Amino acid sequence: MVRVIHRKILYIIFLSYIASAQFGLNIVDYKIFPSELEILDIKPDVFEWGVAGNFLLLDKVNHQLVSISSLNDLQLVGGFGRKTISFSEPIWVGVAPDGILLIDRLENKVISLDYRLIYMNEISLEPRLYPELAAIDKWGTVYMYSSQYHSIFSFKQRKLRQMPHIDLKRYDNIDYCLSQIVINQEGDLGLLGCDNSVHIFSRHGEYKNSYYPEIKSAEFLVPLRNDWLVFNNNGDGLSILFNKRLEIPEVSIPILDIKSMNRSVAVLSKDHILILNAQYK
């Protein structure tokens with residue numbers, strides 16, 4: 001009953017927000033999590049766009065990866081005490097051209113799954129990076145940030161390049177604390193520093209620019225076409241390109257994660273995913 005009431009309330013907000021939306025992000029859809037997630041005590045804290053309308057949800061605390069289809073069907077892998085594959089410290093999941101990749105930081109390895117989350121293989125990382133952050137571009141190259149090297153390394157075709165793709169120690173204006181790495185459609189890498197700074201590099205590792213957006217406690221960097229958006233977990237956002245303020249609807253606050261695809265932005269909340277489209281006028 002509670003879930004039904006919540007769904008109706010969210011739908012009313014959905015309609016009212018469409019009617020009042022102007023510049024920025026307009027709600028186009030939302031996905032309420034199936035009740036099985038609550039029953040299984042799965043609480044995703046990061047997510048990613050999957051394939052064919054799916055979403056990948058990663059519960060880093062319970063070491064559980066879940067795929068939710070457009071019809072709300074579930075597939076699960078990982079977790080404590082499972083007879084199948086388990087994860088020690090999963091920090092990232094992404095979609096590659098030939099399946100799903102997951103990074104286990106503690107085990108220092110990349111795990112490959114097929115699109116049904118069936119285990120295929122795994123590769124240990126040498127040198128031992130113990131990466132904290134990662135992102136994948138549309139060509140299938142994974143970029144991993146290792147704080148012990150303060151560098152970004154590239155992983156492609158099941159091989160880790162030994163030399164850093166970007167040695168951040170060369171840049172005095174880039175803090176040793178990073179909170180996110182993201183990649184836009186052109187392959188540019190965006191780095192979000194813990195000091196609210198944003199640093200952009202080309203896909204070849206060349207430094208392009210730095211920005212210092214005026215937003216309190218930025219936690220999420222979102223590439224959107226040629227723009228970069230920053231948000232905090234209270235839903236306050238800023239377009240760096242247009243210097244326009246943005247706002248995520250209160251129903252999805254606090255924000256747990258944000259991801260983009262083409263013109264769309266998906267927002268992860270505690271019990272749903274909100275999908276918005278960017279309107280540039």
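The exchange below takes up a four-stranded sheet and the residue Tyr207 in a predicted model.

User: What makes E19-E20-E21-E22 an open sheet, and which strands stand at the edges?

Analyst: Four strands line up in the order E19-E20-E21-E22, with antiparallel pairing. Strand E19 (220-224) and strand E22 (244-247) each have a single partner strand, so one side of each lacks a neighbour in the sheet. These two are the edges. On average, neighbouring strands are turned by 25 degrees against each other, direction ignored.

User: How do you know that E20 and E21 pair?

Analyst: Pairing takes at least two bridges between two strands. Strand E20 (residues 227-231) and strand E21 (residues 236-239) have three bridges, in the antiparallel sense. The cut-off is met, so they count as paired. Among the facing residues, Phe231 has Gly237 of E21 as its bridge partner. Leu229 stands opposite Ser239 in E21.

User: How do you know that E21 and E22 pair?

Analyst: The test is again at least two bridges. E21 and E22 have four bridges and run antiparallel. That satisfies the definition, so this is a pair too. Asp236 stands opposite Glu247 in E22.

User: What links the strands in these two hairpins, and which residues take a positive phi?

Analyst: The hairpin of E20 and E21 has four residues between the strands. There, Gly235 takes a positive phi near 90 degrees. The hairpin of E21 and E22 also has four residues between its strands. In that hairpin, Asn243 takes a positive phi near 55 degrees.

User: Why is Tyr207 called partly exposed?

Analyst: Tyr207 has a relative accessible area of 35%. Buried means under 20%, and exposed means over 50%. The value of 35% lies in between, so Tyr207 is partly exposed. Tyr207 belongs to strand E18 (residues 207-211).

User: What does Tyr207 touch, leaving out residues up to four places away in sequence?

Analyst: Tyr207 touches Tyr171, Asn173, Ile200 and Phe201. For contact, heavy atoms must lie within 4.5 Å. As for Leu168, it is 39 residues from Tyr207 in sequence, and their C-alpha atoms are 10.0 Å apart.

User: Why is the link between the side chains of Tyr207 and Ser210 called a polar contact?

Analyst: The side chains of Tyr207 and Ser210 are joined at 2.7 Å. A polar contact needs N or O atoms within 3.5 Å, one able to donate a hydrogen and the other to accept it. The distance of 2.7 Å falls within that limit, so the term applies.

Note on methods:
Residues are numbered from 1 along each chain as its sequence is written. This is a predicted model: local features need pLDDT of at least 70, side-chain atom pairs count only at pLDDT 80 or more; totals for chains, interfaces and linings use all residues. Side-chain values use heavy atoms; hydrogens and water are left out. Axes are lines fitted to C-alpha atoms, for helices over the stretch in contact, and angles run from 0 to 180 degrees between N-to-C directions. Buried means under 20% relative accessible area, exposed over 50%, partly exposed in between (1.4 Å probe, protein chains only).
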